[in-house]
Structures are given as structure tokens and as C-alpha cells.
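Here is a short tour of a structure, written with a modelling eye in mind. Have a look at the sequence and coordinates first, and then we can walk through a few places together.

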Amino acid sequence: MKHTISVSVQHSFNALSRIVGLFSGRGYKIDSISFGEGEEPGMARVTITASGDEQVIEQITKQLHKIVDVHKVADLTYIPFVERDLALIKVKATPTSRSEIMQVCGVFRAQIIDITPKTLTIEVTGKKDKVDAAISMLRPFGIKEVARTGSVALKREFKGLT
Amino acid sequence: MSSMTVAAKSKRTNGTQKPNKATPKTEMTGGEILLTTLSDIGVEVIFGYPGGVVLGLYDSIFKLTDKPRHILVRHEQGGTHAADGYARATGKVGVVLATSGPGATNTVTGIATAYMDSIPMVIFTGQVSSEMIGNDAFQEADIVGITRPITKHSYLVMDPGDVESVIHDAFHIASTGRPGPVLIDLPKNTLNGKGVYTGSYKVAIKSYKPSKSGNHPKVAKAAELLNNAKRPLIYAGGGIIQGEASKELTALAKKSGIPVTTTLMGLGCFPETDPQSLGMLGMHGTWCANMAISECDVLLAVGARFDDRVTGNLDGFSQHSKKIHIDIDPSSISKNVAIEVPIVGHVKNILPDLTKLVKKTKIDDWKATIKNWQTVHPLRYKKQKGAIMPQFLIEKISEITKGEAIIATDVGQHQMWVAQLYKFNHPRSMLTSGGLGTMGYGFPAAMGAAVGCPERDVVCISGDGGFQMTAFELATAVEHKIPVKVIILNNGYLGMVRQWQELFFGGRYSHSHLAGGNPDFVKLAESYGAVGMRTDKEEELVPLLKKCMAIKHKPVIFDVLVKQEENVYPMVPAGAALQDMVDTED
Ligand SMILES: Cc1ncc(C[n+]2csc(CCOP(=O)(O)OP(=O)(O)O)c2C)c(N)n1
Ligand SMILES: [Mg+2]
């Protein structure tokens, strides 16, 4: 099963290396990892998506906890959370295919952020599934390059109306 | 005050805080701050080796008066093992100093050894000047990167003004929670540049809060299981020794009457002369310990980690038991074996809470079963006329030292015979590389222990193979008059390798024969100025052992030629379950 783990950590490359090293050194499977500045200066937020059975995921979160620079580890999987993945997709575009590509973008609420006579670069944001779907719909036009952030996630605060 | 525990504090200061002679708030070089801070912390000894980028620091070692003692080892690996042995024997943090590049990479085996056994250690490495880092400069190695998977934490210190705080933090991290090695990499310009020494830094690491609580909600549940058990067993590991909880463990065992088996790392945490002791369990454990853990109905694991050398095949491991696991490291719990009652915390705080709630168990049937295993399947070996049996040698060492010595071992058959036959009665008495299984560990570790515990007898029981991996430290031991007794169980083979080749590879002794190239260990000792002794006669053994033990102020090498092709039994064949262990050769 896929898990989304959010880690609040000291902003240092040593810390990031320790997190990544955990996955290679202990043979855990990592699907995506994102690293960026967190809410406070000097802090970073790392979001990891990883697959494995419950025991493996439990080990991953415990091992993450043990890293001295790690402040907090949360497995968001069983609590409501919001999650986004951002992709930049460069597709081949000809004057004839361009409008069709733009229709696809419309469906996915994707933005066109760069245009040349031969290419379109598209920004799409959403859950991983949505981004995957957008990429697969664009593939027939000829994808030249893709850059993805991997998932970033936070716990959802909105509890619904009661 | 920081979150530092009282125990950790006293470990770090060795009880007697030296007056700090350096004036606070003065400018000093990074190297001077380093030495002054170590002195503030109460570090007694550094095991080190100089080189290019640390020459400035070595100059400060030469000049400064208020600083720890420095012992020049003959190889940085020896330095790390010595610091490790010092730490295991004393409970204090071991300290190592090495230069950049090759000096730093030579520490890797020793760091990994300490990491696997959770030994508190701080390693200082020199590094090329910060502006040179990344240029493949002369003697540059990314030692922080190389050691990342084998350190609890590490630092690259860019500013001399940070040296003081980093050292305090490093000692705190190394010695608290589940202990481990911490590496501090110091570029030349950090060591030689100037910074302000405050003399008043207090440790406060926001992200690091090792649990130490007692009052665990699950303790009552654990007590209930134990009180209702018909066949309870305590399985105790190195965490009891690291956590200074031998008394607490013994109190629990005595009040409840529950039998105790220990791991290799736990030897000495419960007196082996006590009738409740079943000895060591695992691959070469006693028959009764392995049967007891296979048959028990409630298993209390404390400060142990269900290592594969202990559990054998996991599918067959202790199938009938409910399991309670007390450990400081949450990641050790339910890692290999599912646990019904997990308790995370410091054993020293949790065991007394548990002891309060347990009752004297009524387990006469269980005790009778255990007694029967002990009588039918004791540790035993056949004597052979004209040869010293290796097991006999260990029994005699145990008798002559009355189980009171600090024993360091190397890795191999001799290590297992020590674990089986030396009667350990005190914690911090068995120094052995359990996790990594590092040959070459024993002798330098014994040296470190002897430096830390000058009042105790320190004996290194080594193999003819392993001793040669760090034998050059004889120079260090002679120079510093470290009276370590090295007893070489000389079987002319890489004995443990030979045993496996005999049993599982059709007797093809591929590259495991040593006798052809072994040095004359007596002459080797004498060439360094140590005492050399040898025997191959059983009747000489005891008098010579006594003579060996009486030598003070000098290291001794006692080469004991034992029966060559003897095997360690009982044994759990690789891949088998504990209850399928093989008792003897025939
Ligand atoms: C550094 C290192 N290299 C190789 C091994 C593999 N190994 C384990 S035991 C052993 C044989 C040790 O021989 P010796 O020191 O003579 O001890 P004995 O088994 O004969 O008592 C070897 C080679 C090891 N544990 N460590
Ligand atoms: Mg040998």
C-alpha cells in the first residue's frame, strides 16, 4: 500500500542525505521524495511517498524518527490530508495538434506556460493520479520532457460540517 | 539545564569535574577550543594519530596543560577499537582523533563496530581547508558521507566558534538514548582559525529527545502476563549493560524466580553463577537456553533486538509465547518478531516499575523441565590425550580470574567458547564485537579497557588469525605500560571458517589454514618489549596462566597451542530453528 509520510527536519544536506540513505541502506522502496523550506527559517519539510506492508512502513517511520535532525514524522495515510503533485510537461505541438492539446489541458485545468512553434510546456497540478492521467493523455502527441515535484502533503484541518 | 540525564552527565564528567582553567569568553583557535571543551566535559583520554591537517591541533596538544591524555596508537583502526573498549568497560564516551583522508578512512571499521553494538564514541577527523573541500585535494575524503550509515549523527564544522557547542551536543547524542558513535569533521581552517570559547554552553537540541520515562501504561499488562505465566523466560541483551540496569534486572529475576538467558552482548548483566542463569542463547548458545526460549509461554525481552544470530529461523522462533519487549529504541520493537506488549523507554526506569508488580511465580514444573535439559545436555567436550582442549583453556582462565576480569575477545571459535564457558558475573566485563563481528577488535579494545579501568585485570582472548589483524598495537601497549594479557587460542586455523568448511563444504579447507605462516608469537612479543610465553602442555597451563596474570606494567602474549580441529558445539545450523540445534559432534 502507498503511504505518504511528512517529515519536519533541520534544513541541511546532511539531514536530507540521512533520510535518503535510510531508504537505500535499508532497502525500502521510495516512490517520490520532495524537499523544500518549511514554515520556520532553518527548517525543511520532506514529503515521502513509499510503498510497503505495514511492518515496513512502521520501520520507516521509526527509523526516520531516530535521525537526530528530524523533529517530527507523520504518516498521513490514515488521517485526512491534502496532497499535490506538480508536473511540467513539454509536448510536441504542431499548428494542427495545438488546439487539441489545449482541450486536454482544459479538462485537467492545466496551464500553458511556454509556447514555441514546435512545443508547448504545460503545468499541471493535482493528486498524483490526476497528473498521471494528464501525462498519459498527452503522451500520444509526443512528450519531450517531464519534470515532477513528487507529492507534497499536509494534514487536512477542515473537519467537515457537522 | 538541558535535557541531559543525570546519569549521562556523571558519565561525561567522570564524577569529578576538573576545574576549567581556560578563561571563558576568550578567543582561541578551534583546536584549543576542542581540547579545552574536552577537558570541561571530563574526557580522560584520546586515542589518536597525527597527520597534515591536524598538525596545528597536535601543536596545541603539545603546548596546552589542561587537556585529556593522548595515547598514540599505531593505526587509526586500533584507535577506534581502543576507544570502543574504553567505552564498554567504563560506560563513558570513547574519544578518537585522526587526520583527514587515509587517517579518517582507517577509522571506518571501528566506527561500524561501535555503531552495530550501540557504543558511545566521538570521533574527530581532520579535513582539508573549507575552500579546498570538493577539489579532490591532497588527503581529502568525504568522511561525513562515508560514515553516514554507521554513525548516529555527524557534523562538518565550518566555524571555529561552533566547535564548543558541537562537541557538547555530540557527547550528549553519543551517550543518551540508544548510544552510538558521532563523528565531527574539522577542516584545517576550523582548527587553526580563531573563535570565542564561552565555557558556558548548555546542550539543547530541539529535535533530539530520547525517551527515558518509566510509568509506562503497558507495564501493568506485562506484569499480568508474567504473573500468570506457566513457562516464563527473561531474554536480556546489551541494553541492560548500556542502560546500567543489571541490578534492576537481577532484582526482577530474584523476586519473580523467572529464569534468565542472555545474548552475547548481554553476558554479565545477570550473574552466570546464579542457578536462574541459563547462559547464552542463540547459534552457539546452551541447549537449555534455546529449548527454553522455544518452549516458553511468556517471553520478556529486555534491551535485546532479536538479532538473527539469536533467533535462528524466524518461522520457528518461540512460537508458543506472548512477547513483551522493553527497549529504548522504538525501531527495535517488532522489527523482526511481532510483539504483544511493546514498552519503549529506559530499562533502568522501567524494570523497577515492573518488579513492583510481579509476584513470585509458581513454576516448579517449568524449572524441572529446564533442570532436565541442563542435566541431559550440558556444555561438554571430549578430552584428547596430549592436547590442550580450547574449552579447557577458557575454563581455566575463568577459574583463575574467578570471573572477575574484563575479557575482550576477537571473533571466531575462541569468542564462542569464551561466551559459553567464561562465568561472567559483572556487567561491562565482556568486550566483543557482537554485531559486526570484527576480527582485530579484541586486543586494542582490551588496551582501551585497561586504560579506563587500571584497577581491573584485563585479558584479551584472541585467535591466531584475529590477533594478527591489530597485533602492531603491542607498541602502544608497551610504550604506555598497559598490562593487557593476550591469550592466543592458537589452533593454527581460521578456526570458525574451518569449522564451517568441515561441516558444510565437504571438508575443503579453502584458505583457512594459518599455521604455515604464523609468526613466533613469543619472539613477536619480545621484539616489542612485551613478555612472551608459550605452552602446548596441559600440565603447564595453570601455572603459566597464574604467572601471566601476575605480570603488571607490561603487556603479555601467551601463545597457547590447542587442539587444532575442534568444533564449537552445540550449534544451530544456518537457516534452522533454535529447537533444531545440534548438541554434539556425534
Ligand atoms: C575483519 C574480518 N574478516 C573476516 C572475518 C570472517 N571470520 C570470522 S571468524 C574467522 C576466523 C577467525 O580465526 P581466528 O582468529 O584464528 O579465530 P578462531 O576461530 O580460530 O578461534 C573469520 C575469518 C571477520 N569476522 N572479520
Ligand atoms: Mg585460529
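## A nonpolar patch on chain A

Let's begin on the surface of chain A, keeping in mind that this is a predicted model. Three residues, A:Met102, A:Ile112 and A:Ile115, make up a nonpolar surface patch there, and their accessible area adds up to about 260 Å².

One member of the patch, A:Met102, sits in helix 3 of chain A, which spans residues 98-107. Is A:Met102 buried, exposed or partly exposed? Its relative accessible area is 43%, and because partly exposed covers the range between 20% and 50%, A:Met102 is classed as partly exposed.

## Chain A as a whole

Stepping back, chain A contains four helices and nine strands. Read from the N terminus, their order is β-α-β-β-α-β-β-α-β-β-α-β-β.

If you like to think in boxes, the C-alpha atoms of chain A occupy one of roughly 55 × 45 × 35 Å along the principal axes. Chain A has 162 residues, and 40% of them count as buried.

## The surroundings of ligand 1

Now over to the ligand. Which residues come nearest to ligand 1? They are B:Gln413, B:His414, B:Gly437, B:Gly466 and B:Gly495, out of 17 residues around the ligand. By type, the shell splits into seven nonpolar residues, nine polar ones and one charged.

Two helices of chain B, helix 18 (413-421) and helix 21 (495-504), each bring at least two residues to this shell. Helix 21 of chain B contributes the most, with three residues.

## Polar contacts of ligand 1

Several atom pairs may interest you here. A nitrogen atom of ligand 1 lies 2.8 Å from a backbone N or O atom of B:Gly437. On the oxygen side, an oxygen atom of ligand 1 is 2.9 Å from a side-chain N or O atom of B:Asp464, and a polar backbone atom of B:Met496 is 2.9 Å from an oxygen atom of the ligand. As for coverage, ligand 1 has 590 Å² of accessible area on its own, and the protein covers 76% of that.

## A buried glycine in chain B

Our last stop is B:Gly31, found in helix 2 of chain B (residues 30-41). With a relative accessibility of 1%, B:Gly31 is buried, because that value falls under the 20% limit. B:Gly31 and B:Ile150 are separated by 119 residues in sequence, and their C-alpha atoms are 25 Å apart in space.

Key: Residues are numbered from 1 along each chain as its sequence is written. Chains are lettered from A and ligands numbered from 1 in the order in which they are written. This is a predicted model: local features need pLDDT of at least 70, side-chain atom pairs count only at pLDDT 80 or more; totals for chains, interfaces and linings use all residues. Side-chain values use heavy atoms; hydrogens and water are left out. A residue is near a molecule or strand if one of its heavy atoms lies within 4 Å of it. A polar contact is a pair of N or O atoms within 3.5 Å; within protein, one must be able to donate a hydrogen and the other to accept it, and residues adjacent in sequence count only if both atoms are side-chain atoms. Accessible areas come from the Shrake-Rupley method with a 1.4 Å probe; for residues, only the protein chains shown count as cover. Ala, Val, Leu, Ile, Met, Phe, Trp, Tyr, Cys and Pro count as nonpolar, Asp, Glu, Lys and Arg as charged, and the others, Gly among them, as polar. Patches are made of residues with over 30% relative accessible area and no salt bridge: like charges are joined within 9 Å, nonpolar side chains (Val, Leu, Ile, Met, Phe, Trp, Tyr) within 5 Å. A salt bridge is a side-chain nitrogen of Lys or Arg within 4 Å of a carboxyl oxygen of Asp or Glu. Buried means under 20% relative accessible area, exposed over 50%, partly exposed in between (1.4 Å probe, protein chains only).
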